[in-house]
Amino acid sequence: MLKKFLSMATLAAVFLVAAHGLAANYLGNSKSMKFHRYDCSTIKHHNAAHFVEFNTRDEALAAGYVACKRCNP
Ligand SMILES: [Zn+2]
């Protein structure tokens, strides 16, 4: 029982590290409610507090963000 718990915990830890290590593909600006490609020229990374990370466009759309017209994500 304990052994099973430990292997589950290890799996969860590995998954969390892997998920965290992946760079997000899209960034949503919570002020403008637009989302961008990660390298969009309108993104000012010193304002990172306003940005939410999304791995897919569907995630961003589901969260109510609209696509940026400049980078057309
Ligand atoms: Zn953009």
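Visitor: Buried or exposed: which word fits His36 and Cys71?

Guide: In this predicted model, both His36 and Cys71 are buried. The word means under 20% relative accessible area, so His36 and Cys71 each fall under that limit.

Visitor: How do you know which residues are the protein donors of the zinc ion?

Guide: A donor here is an N, O or S atom within 2.8 Å of the metal. His36 (ND1), Cys40 (SG), Cys68 (SG) and Cys71 (SG) lie 2.1 to 2.4 Å from the zinc ion, so these atoms count as donors. Along the chain, their spacing is H-x3-C-x27-C-x2-C. His36 and Cys71 link distant parts of the chain, being 35 residues apart. His36 sits in strand S2 (residues 34-37), and Cys71 in the segment after strand S4 (66-67).

Visitor: Why is the site of the zinc ion called tetrahedral?

Guide: Four donors earn that name if all angles lie between 85 and 135 degrees. The angles among the four donor atoms are 94 to 130°, so the site is tetrahedral. Ideal angles for four tetrahedral donors are 109.5 degrees.

Visitor: What makes up the largest nonpolar core?

Guide: This core has six residues: Leu27, Cys40, Ile43, Phe51, Cys68 and Cys71. They count as a core because they are buried residues of the nonpolar kinds, joined through side-chain atoms within 4.5 Å. Another core, of five residues, lies apart from it, with Tyr26, Phe35, Phe54 and Ala60 among them.

Visitor: How do you know that strands S1 and S2 pair?

Guide: Pairing needs at least two bridges. Strand S1 (residues 26-29) and S2 are joined by four, so they pair, and they run antiparallel. One partnership is that of Gly28 with Phe35 in S2. S1 and S2 form a hairpin with four residues between them, and Met33 in the turn has a positive phi of about 60°.

Visitor: How many bridges join S2 to S4?

Guide: Two, which just meets the requirement of at least two, so these strands pair as well. S2 and S4 run parallel, and Phe35 has Ala67 as its bridge partner in S4.

Visitor: Why do S3 and S4 each have one side without a neighbour in the sheet?

Guide: The four strands form an open sheet of mixed pairing, in the order S3-S1-S2-S4. Strand S3 (51-54) and S4 stand at the edges with a single partner strand each, so one side of each has no neighbour in the sheet.

Note on methods: Residues are numbered from 1 along each chain as its sequence is written. This is a predicted model: local features need pLDDT of at least 70, side-chain atom pairs count only at pLDDT 80 or more; totals for chains, interfaces and linings use all residues. Side-chain values use heavy atoms; hydrogens and water are left out. Donors are N, O and S atoms within 2.8 Å of the metal (3.2 Å for Na, K and Ca); water is not among the atoms, so sites may look incomplete. Four donors count as tetrahedral if all angles lie between 85 and 135 degrees; four count as square planar and six as octahedral if opposite donors are over 155 degrees apart and all others between 65 and 115; anything else is irregular. Buried means under 20% relative accessible area, exposed over 50%, partly exposed in between (1.4 Å probe, protein chains only).
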